[in-house]
Amino acid sequence: MKGQCLCGGVEFEVHDAPHKLYQCHCSLCRKQSGTASNAAFIVPREKVSWHAGRDLVTSFTRPTGFRSDFCSRCGSPVPNVVGHTAYVWVPAGLLDPSAELEVAMHLWLDSKVAWEAMPAGGVHHAAAPSFDEIVAFLHE
């Protein structure tokens with residue numbers, strides 16, 4: 001499954017990607033994406049290969065550890081390593097549109113904005129289960 005940023009400068013591929021996404025409705029994900037929520041999946045580091053633009057990637061990390069990597073030319077969020085784990089967060093909006101993906105889990109629904117409709121499908125969480133539980137669910 002291939003992906004790229006808005007300008008096409010950052011290109012990557014995810015091998016053996018799960019077909020399940022999670023959608024996070026927390027305030028940090030809203031601010032990072034500029035939308036009501038953010039859809040993504042998480043894969044082991046070795047499943048992501050970079051084809052172009054690693055030199056264009058800039059990072060911002062909050063004091064809490066929340067990290068956002070983005071293309072320095074167009075601002076698109078791009079895959080990044082999750083904290084000190086062996087996993088990479090991959091934003092679904094960058095992926096090839098033919099990818100067969102489904103939102104299977106919603107996180108932080110207690111934080112969703114009032115103007116966003118309650119999602120119909122997937123497993124709903126008021127907050128978020130542990131990181132390990134999220135990864136296991138996405139890969140089952």
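User: Where is Asp16 placed?

Analyst: Asp16 sits in the loop between E2 and E3. Keep in mind that this is a predicted model.

User: Is Asp16 buried or exposed?

Analyst: Start with the cut-off: a residue is called exposed over 50% relative accessible area. Asp16 reaches 63% relative accessibility, so Asp16 counts as exposed.

User: What should I look for in the backbone angle phi of Asp16?

Analyst: Look at the sign. Most residues other than glycine have a negative phi. Asp16 is not a glycine, yet its phi is positive, near 55°.

User: What is phi for Trp108, and where is Trp108 found?

Analyst: Trp108 also is not a glycine, and its phi is positive, about 55°. Trp108 is found in the loop between E10 and strand E11, which covers residues 123–124. With 34% relative accessibility, Trp108 counts as partly exposed.

User: Now the whole chain. How many helices and strands are there?

Analyst: The protein chain has two helices and 11 strands. Next, read their order along the sequence. The pattern is β-β-β-α-β-β-β-β-β-β-β-β-α. In that pattern, three β symbols come before the α of one helix, and an α closes the chain's list.

User: How does the radius of gyration of the chain agree with that of a compact globule?

Analyst: Compare the value with what a compact globule would have. For 140 residues that would be near 14 Å; the protein chain has 14 Å, so the two agree. A box gives another view. The C-alpha atoms fill roughly 35 × 30 × 30 Å along the principal axes.

User: What share of the residues is buried?

Analyst: Of the 140 residues in the protein chain, 42% are buried. Then look at the surface. The accessible surface comes to about 7500 Å², and carbon and sulfur atoms hold 53% of that surface.

User: How many charged side chains are there?

Analyst: There are 11 positive and 14 negative side chains in the protein chain. The centres of the two sets lie 8 Å apart.

User: Which residues touch the most other members of the largest nonpolar core?

Analyst: First the general idea. In soluble globular proteins, nonpolar side chains tend to be buried together. Here the largest nonpolar core has 32 residues, and Val14, Tyr22, Phe41, Val90 and Ile134 touch the most other members. Several elements each supply at least two residues of this core: strands E2 (11–14), E3 (20–24), E4 (38–44), E9 (87–91) and E10 (102–107), along with helix H2 (131–138).

User: What share of the contacts joins residues 24 or more positions apart?

Analyst: Set a minimum separation before you count. Among contacts with a separation of 6 or more, 57% join residues 24 or more positions apart.

User: Which residues does Ala40 touch?

Analyst: Place Ala40 before listing its partners. Ala40 is found in strand E4. Its relative accessible area is 0%, so Ala40 is buried. Leave out residues up to four places away in sequence, and Ala40 touches Leu21, Tyr22, Trp89, Val90, Pro91 and Ala92.

User: Pro44 is in strand E4 too. What is its relative accessible area?

Analyst: The value is 19%, and Pro44 is buried. The cut-off for buried is under 20%. Beyond four places in sequence, Pro44 is in contact with Ala86, Tyr87 and His139. Now compare sequence and space. Pro44 and Val88 are 44 residues apart along the chain, and their C-alpha atoms are separated by 6.1 Å.

User: Which strand holds Val48, and which residues does Val48 touch?

Analyst: Val48 is in strand E5, residues 48–52. Val48 has 11% relative accessibility, so Val48 counts as buried. Not counting residues up to four places away, Val48 touches Glu13, Val14, Val43, Val88 and Val90. Two of these partners, Val14 and Val90, were named for the core. Val48 and Phe12 are 36 residues apart along the chain, with their C-alpha atoms separated by 7.0 Å.

User: One charged residue to finish. Is Arg30 buried or exposed?

Analyst: Arg30 has a relative accessible area of 18%, so Arg30 is buried. Arg30 lies in helix H1, residues 27–33. Setting aside neighbours within four places, Arg30 is in contact with His25, Thr35, Ala36, Ser37, Ser111, Lys112 and Val113. Arg30 and Phe70 are 40 residues apart along the chain, and their C-alpha atoms are separated by 15 Å.

Definitions and conventions:
Residues numbered from 1 in each chain as written. Predicted model: local features only at pLDDT ≥ 70, side-chain atom pairs only at ≥ 80, totals over all residues. Heavy atoms only, no water. Helix = DSSP H or I, 4+ residues; strand = E, 2+ residues; numbered from the N terminus. Rg over C-alpha atoms; globule rule 2.2 N^0.38 Å. Buried < 20%, exposed > 50% of the residue type's maximum accessible area, 1.4 Å probe, protein only. Contact = heavy atoms within 4.5 Å. Areas by Shrake-Rupley, 256 points an atom, 1.4 Å probe, with all protein chains shown as cover. Lys, Arg positive; Asp, Glu negative; His and termini not counted. Charge placed at Lys NZ, Arg CZ, Asp CG, Glu CD. Core = buried A, V, L, I, M, F, W, Y, C linked by side-chain atoms within 4.5 Å.
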